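Trainee: I would like to learn how to read a structure like this one. Can you take me through it step by step?

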Amino acid sequence: MERMNSLAVVAEGVRKHYGGAPALDGFDLAVPEGTVCGLLGPNGAGKTTAVRVLTTLLRADAGRAVVAGFDVAARPAEVRYRIGLAGQNAAVDEILTGRENLEMWGRLYHLDAATARRRAGELLDRFGLAADAEKRVKHYSGGMRRRLDLAAAFVLAPSVLFLDEPTTGLDPRNRDEVWQAVRELAASGSTVLMTTQYLFEADQLAHQIAVIDAGRVIADGSPDELKSMVGGDQIDLVVRDAAGLAEAARVLAAAAGRDPVADPGARRLTAPVHDRIGALTEVVRELGERGIAVEDVALRRPTLDEVFLSLTGERTARAEEGGHGEEDRAA
Ligand SMILES: Nc1ncnc2c1ncn2[C@@H]1O[C@H](COP(=O)(O)OP(=O)(O)O)[C@@H](O)[C@H]1O
Ligand SMILES: [Mg+2]
């Protein structure tokens, strides 16, 4: 029991079938109180199913889950009382305005009227809804509803907050606001479990990243531990002339300590490096000394696809064009 007290979320051997292949197939997770856990995986990996089981919306077929100290199957009301969930538009009432919705949530959570009003105002500002605060939600766009739903999850600091792909479809400014709200909530002592398809997002926010594939966690650790499993950040290099590709590959191999992946059609080479800036500097200098013209060179974090390739040997179902990682460009 000692151990359970310091864990906000525990899942052990959770299974869930909808019919075909299992959506959760022995899902294990342990999230310490007051930390942010990023549950990272491609479409169909089982993220939403895991969140629905942990938030008592869905009953598992087997296994055990304890959230905020209570078993989700045996004591769902106790769990619900202590958690928040965003991602379903469940919190939003069409007839009310944005401001009225947030004030209503504050009152439901027993804030006094003045505090509920102040909190609503702060959240409307934070999520870019101040200009539309007095409009009825039925006139809101999809993106505005989504932001209002997220704001409702932050009205009170729940003990454990679940966010299912909270930033999918948001523009960068709104995404940054969600990130900041998550950081502040965790700093105030709440535990946050958020799902994402983006390694760079989990890397920004999470103390712990759990990688989920086909209904089970296949890697679990700090962002640094995960990245070193993958082999660190990636250098992408595009040479101007295809004739320089072979020699550039030798230069990059020397810096990376392994052969780069080549895409000759695009005159592109990619390799993971541990010493980011040192390796980039060395590569740029060596190429310069050998007179190999470079069209582009970028240092970027590995993509989810590269994490999967390195953990499972398989690409994700939705391998994307061009990294969605954040890039530090040189040259
Ligand atoms: N209501 C459902 N009925 C049948 N299959 C479902 C249902 N919900 C999810 N699945 C299947 O379960 C698997 C996991 O889905 P989901 O938990 O939504 O993954 P993710 O959120 O990571 O995209 C997928 O194969 C999906 O097609
Ligand atoms: Mg999902």
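**Reading the sheets and the ligand site**

Mentor: Look at strand E7 first. There, Phe162 is the bridge partner of Leu85. Keep in mind that this is a predicted model.

Trainee: How many bridges join E6 to E7, and do these strands run parallel or antiparallel?

Mentor: Count the bridges, then compare directions. Four bridges link E6 with strand E7, residues 160–164, and the two run parallel.

Trainee: What is the strand order in the sheet of six strands?

Mentor: Read across the sheet from one edge to the other. The order is E6-E7-E8-E3-E9-E10. This sheet is open, and its pairing is mixed.

Trainee: Why is one side of E6 and of E10 left without a neighbour in the sheet?

Mentor: Look for partners. Strand E6 (83–86) and strand E10 (216–221) each have a single partner strand, so they stand at the edges with one side free of a neighbour in the sheet. From one strand to the next, the twist averages 15°.

Trainee: Which helix packs on the sheet, touching E6 and E7?

Mentor: That is helix H6, residues 142–153. Its direction makes about 170° with that of E6.

Trainee: Now the other sheet. In what order do its four strands come?

Mentor: Read it the same way. The order is E2-E1-E4-E5, in an open sheet with antiparallel pairing. Strand E2 (22–32) and strand E5 (70–71) are at the edges; each has a single partner strand, so one side of each lacks a neighbour in the sheet.

Trainee: How many bridges join E1 to E4?

Mentor: Five bridges join strand E1 (residues 7–17) to strand E4 (residues 62–67), and these strands run antiparallel. For one pairing, find Val10: it stands opposite Val66 in E4.

Trainee: Which strands does H2 lie across?

Mentor: H2 lies across E1, E2 and E4, at about 60° to E2. Helix H2 (residues 47–54) also gives the largest share of the shell around ligand 1, three residues.

Trainee: Which residues surround ligand 1?

Mentor: List the shell, then sort it by class. Among the surrounding residues are Tyr18, Ala23, Pro42, Asn43 and Thr48. The shell has four nonpolar, five polar and one charged residues.

Trainee: How far is a polar side-chain atom of Lys47 from an oxygen atom of ligand 1?

Mentor: The distance is 2.8 Å. Backbone atoms take part too. A polar backbone atom of Gly46 is 3.0 Å from an oxygen atom of ligand 1. For a backbone N or O atom of Ala45, the distance to a ligand 1 oxygen is 3.2 Å.

Trainee: What share of the accessible area of ligand 1 does the protein cover?

Mentor: Compare the ligand on its own with the ligand in place. On its own, ligand 1 has 560 Å² of accessible area, and the protein covers 55% of that.

Methods. Residues numbered from 1 in each chain as written. Chains lettered and ligands numbered in written order. Predicted model: local features only at pLDDT ≥ 70, side-chain atom pairs only at ≥ 80, totals over all residues. Heavy atoms only, no water. Pairing = 2+ DSSP bridges. Axes fitted to C-alpha atoms, helices over the stretch in contact; angles between N-to-C directions. Contact = heavy atoms within 4.5 Å. Near = heavy atom within 4 Å. Polar contact = N/O pair within 3.5 Å; in protein donor to acceptor, adjacent residues only side chain to side chain. Areas by Shrake-Rupley, 256 points an atom, 1.4 Å probe, with all protein chains shown as cover. Nonpolar A, V, L, I, M, F, W, Y, C, P; charged D, E, K, R; others polar.
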